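Me: I would like to go through the assignments in this model one at a time, and for each I would ask what criterion stands behind the word that is used.

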Amino acid sequence: MPIEIKNLRYTYPNSTFSLEIPRETFPTGLVCLVGQNGSGKSTLLKLLADLLPADGAVAVNGQKLADYLADRRLSKIAYAFQDPNDQLFNSTVAEELAWSMKQARLPAAEIAARTDKILEEFGLSAFREQNPYDLSLSSKKLLTIASALVLDPEICLLDEPLMSLDYPGRQLVTRLIRRRVARGKSVVMITHDMDWLARECRQVWAMSRGRLLYQGPVAGLFADQDLMEQLGLLPARAWQLSQLLGLKTEILSPDEL
Ligand SMILES: Nc1ncnc2c1ncn2[C@@H]1O[C@H](COP(=O)(O)OP(=O)(O)O)[C@@H](O)[C@H]1O
Ligand SMILES: [Mg+2]
C-alpha cells in the first residue's frame, strides 16, 4: 500500500526548523529513515501518521488519512512514538493493548484473545495488570510496538523501535518486522543503527535539515563519502572493515563474513 507525499511542508510554531518534501512515494516493504538528531525524521513520521497539521498532502492508497474513518484508519496505519512516555496513557498494560482494538470495534472475546497472544509474544504477560508507567524503559518500548502491531495494520511507522532494547528484545522486534514485510506489509522505521540497517534493510531514506538527501539502496549511501559526511553518518562496521581490507566486493552484512 503506497504512501505518497505531495508538497509536504511543515514548520513548528515558534521554531526555525522547516521540513519540505516536494513529491515522493514510499515503496512497500521496509524503508529505514536515517539522519542526525534534529534532521526531521520524527517530524516526517508524525506527518505520515497525520499527527501534525501540515500544508500539502500525505495519501495512503490514493486517499488522505484524515478522510479515513477512525475505526478503519487504525488498521491502515499505526505509529509507535520515539519516547514511549508520549504514547502510553491507559492505566494497565492490557488496557493499553486493548485501546486500538476497542476503537476498531472488535468483539470483546477477540480483544481478550489478541491481548493474551500479543502479551505472550512480547514477553509482557507478567505485567498485564500493571500501570505502563511502572515498567522498565525497554518493556515500555516493547509495549508501544505491541500496541502499534495489535491491529495488524497495513503500514507501521516505528520511531527508533530498537532504542533501549536488550539483545533478545531487538531480536524479537527484528523478527516481527521481517515477518510483516514477508507478508506484504509496509514498515517505515527510524534507526541510528547502521549495522542493523546493513543487515536488514534494502531501502534507505536519509535526511538532513528537514530535507531528503538520499533514497535508494544502503550500499549506494555508504559508498558516497561526501554525502555520508554531510549527513553525519558512519557506515556499518562490516562495510568499514571491507574498505580497510581493500575487498573488491564490499561486505554489507556481518553474516557474510
Ligand atoms: N514540538 C516541537 N516544537 C518545536 N520544535 C520542535 C518540536 N519537535 C521537534 N522540533 C524541532 O524540529 C527539528 C527536528 O526534530 P525531529 O523531527 O524530532 O528530529 P529527529 O527525529 O531527526 O531527531 C529539531 O530542530 C527540533 O528541535
Ligand atoms: Mg526523532
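Me: What makes isoleucine 190 the bridge partner of leucine 33 in S8, and how do you know that S3 and S8 pair?
Reply: In this predicted model, the bridge partner of leucine 33 in S8 is isoleucine 190. Strands here are DSSP runs of E with at least two residues, helices are runs of H or I with at least four, and both are numbered from the N terminus. Two strands pair if DSSP finds at least two bridges between them; four bridges join S3 to S8, which run parallel, so the criterion for pairing is met. Aspartate 159 also stands opposite isoleucine 190.

Me: How do you know that S7 pairs with both S6 and S8?
Reply: Five bridges join S7 (residues 155–159) to S8 (residues 186–190), and four bridges join S6 to S7, with the strands running parallel in the one case and in the other. Cysteine 156 takes part on both sides, being the bridge partner of alanine 78 and having valine 187 as its partner in S8. Isoleucine 155, for its part, has serine 186 as its bridge partner in S8.

Me: Why are S6 and S10 called edge strands?
Reply: The six strands form an open sheet with mixed pairing, in the order S6-S7-S8-S3-S9-S10. Strand S6 (77–80) and strand S10 (211–216) each pair on one side only, and they are the edge strands. The twist from one strand to the next averages 15°.

Me: Why is S7 described as largely enclosed?
Reply: A residue is buried if 20 or more other C-beta atoms, placed from the backbone, lie within 10 Å of its own, exposed if 12 or fewer do, and partly exposed in between. Five of the five residues of S7 are buried, so the strand is largely enclosed by the rest of the structure. Both faces are covered, with Ile155, Leu157 and Asp159 on one side and Cys156 and Leu158 on the other. S8 is mostly covered too, as five of its five residues are buried.

Me: Why is leucine 137 called partly exposed?
Reply: Leucine 137, which lies in helix H5 (residues 137–149), has 13 other C-beta atoms within 10 Å, so it is partly exposed.

Me: What makes the unit of S7, H6 and S8 right-handed?
Reply: A crossover is right-handed if, with the strands pointing away from the viewer, the path from the first strand over the helix to the second runs clockwise; S7, H6 and S8 make a β-α-β unit of that hand. Helix H6 (residues 167–182) lies across S3, S7 and S8, at about 145° to S8, where angles run from 0 to 180 degrees between N-to-C directions of axes fitted to C-alpha atoms, for helices over the stretch in contact, and contact means C-beta atoms, placed from the backbone, within 7 Å.

Me: How are the residues and chains labelled, and what confidence is required?
Reply: Residues are numbered from 1 along each chain as its sequence is written, while chains are lettered from A and ligands numbered from 1 in the order in which they are written. Local features of the predicted model need pLDDT of at least 70 and side-chain atom pairs count only at pLDDT 80 or more, whereas totals for chains, interfaces and linings use all residues.

Methods. Two residues are in contact if their C-beta atoms, placed from the backbone, lie within 7 Å.
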